[in-house]
Amino acid sequence: MAFQQIGEQFCQHYYQTFDTNRAGLHPLYSQQSMLTFEGDQFQGADAIVQKIMALPFQKVQHQIVKCDCQPSVNDGIVIFITGNLLVDDNANPLKFAQVFQLVKGPTGNYYCHNDMFRLNIG
């Protein structure tokens with residue numbers, strides 16, 4: 001399967017899971033994974049999912065505007081997402097950007113090794 005397809009499928013699965021069951025994101029990370037969320041860093045699947053679960057909203061919907069993917073070293077994939085974030089019942093979407101670095105784990109499945117998230121405000 002081509003890196004673009006893998007990247008797009010990962011993002012669709014990631015955001016669908018995030019929007020409906022944030023705790024379900026845990027298997028997408030490893031204990032070596034790192035999330036940088038608005039400048040704060042969290043390492044390991046437990047810490048990353050704990051941060052995501054603690055975000056202060058009840059409902060969220062990600063709308064992907066663009067998904068750019070590139071192959072990386074050792075069969076990895078770099079994904080750059082731009083999109084809109086609909087939070088709770090606010091009609092004004094927030095613009096966001098997110099970068100994922102997918103790498104192959106010991107079983108050959110991809111997991112998110114690096115995750116960087118920023119709201120585009122200003």
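Helices here are DSSP runs of H or I with at least four residues, and strands are DSSP runs of E with at least two, numbered from the N terminus. One more thing before we start: this is a predicted model.

**Exercise 1. Find out how much of residues 6–119 is helix and how much is strand.**

Let's start with where that range comes from. An unreviewed UniProt entry carries the annotation "domain: NTF2" for residues 6–119. Over this range the chain is 50% strand and 21% helix. Now look at the two ends of the range: their C-alpha atoms are 25 Å apart.

**Exercise 2. Work out the strand order of the sheet and pick out its edge strands.**

Step one is the order. The sheet is open and has six strands, which run E2-E1-E6-E5-E4-E3 with mixed pairing.

Step two is the edges. Strand E2 (40–43) and strand E3 (60–71) each pair on one side only, and that makes them the edge strands. On average, neighbouring strands of this sheet are turned by 15° against each other, direction ignored.

Step three is to walk through some of the pairings:

- E1 (residues 29–37) and E2 are antiparallel, with four bridges between them. Here Leu35 faces Phe42 in E2, and Met34 stands opposite Gln43 in E2.
- E1 and E6 run parallel and are joined by five bridges. Thr36 has Met116 in E6 as its bridge partner.
- E5 and E6 are antiparallel, with nine bridges. Gln98 sits opposite Phe117 in E6.

**Exercise 3. Locate the residues with positive phi in the hairpins of E1 with E2 and of E5 with E6.**

Take the hairpin of E1 and E2 to begin with. Two residues lie between these strands, and Glu38 in the turn has a positive phi of about 55°. Now move to the hairpin of E5 and E6. Five residues separate these strands, and Gly108 takes a positive phi near 95°.

**Exercise 4. Decide which strands H1 and H2 touch, and which way H2 turns its buried residues.**

Begin with H1. This helix packs on the sheet and touches E1, E3, strand E4 (77–87), E5 and E6. The direction of H1 makes about 160° with that of E3.

Next comes helix H2 (residues 45–53), which also packs on the sheet, touching E1 and E2. The direction of H2 makes about 40° with that of E1.

Now for the buried residues of H2. Ala45, Ile48, Val49 and Ile52 are buried in this helix. Looking down the axis of H2, you find its buried residues within an arc of 90°, so they line one face of the helix. What do they pack against? The buried residues of H2 pack against H1, E1 and E2.

**Exercise 5. Classify the ring pairs Phe10–Phe100 and Phe96–Phe117, and say which parts of the chain they tie together.**

A pair of aromatic rings is described by how far apart the centres are and by the angle between the planes. You'll need the cut-offs: centres must lie within 6.5 Å, planes under 30 degrees apart count as stacked, and planes over 60 count as edge-to-face. By this rule there are ten aromatic pairs.

Try Phe10 and Phe100. Their ring centres are 5.1 Å apart and their planes stand at 75°, so this pair is edge-to-face. Phe10 belongs to helix H1 (residues 3–20) and Phe100 to strand E5 (residues 94–104), so the pair ties together parts that are 90 residues apart in sequence. Both Phe10 and Phe100 are buried.

Now do Phe96 and Phe117. This pair is stacked, at 5.7 Å centre to centre and 20° between the planes. Phe96 lies in strand E5 and Phe117 in strand E6 (residues 110–119), so this pair ties together parts that are 21 residues apart in sequence. For burial, Phe96 has a relative accessible area of 1% and is buried, while Phe117 counts as buried at 7%.

Last step: zoom out. Ring pairs join Phe10, Tyr14, Tyr15, Phe18, Tyr29, Phe37, Phe96, Phe100 and Phe117 into a cluster.

**Exercise 6. Is His13 buried, partly exposed or exposed?**

Find His13 in helix H1. The partly exposed class runs between 20% and 50% relative accessible area. His13 comes out at 41%, so it counts as partly exposed. As an extra, compare positions: His13 and Leu86 are 73 residues apart in sequence, and their C-alpha atoms are 17 Å apart in space.

Conventions. Residues numbered from 1 in each chain as written. Predicted model: local features only at pLDDT ≥ 70, side-chain atom pairs only at ≥ 80, totals over all residues. Heavy atoms only, no water. Phe/Tyr/Trp six-rings, centres within 6.5 Å; stacked < 30°, edge-to-face > 60°. Buried < 20%, exposed > 50% of the residue type's maximum accessible area, 1.4 Å probe, protein only. Pairing = 2+ DSSP bridges. Axes fitted to C-alpha atoms, helices over the stretch in contact; angles between N-to-C directions. Contact = heavy atoms within 4.5 Å. UniProt positions renumbered as here; feature names shortened; annotations may be inferred. Arc of directions from axis to C-beta.
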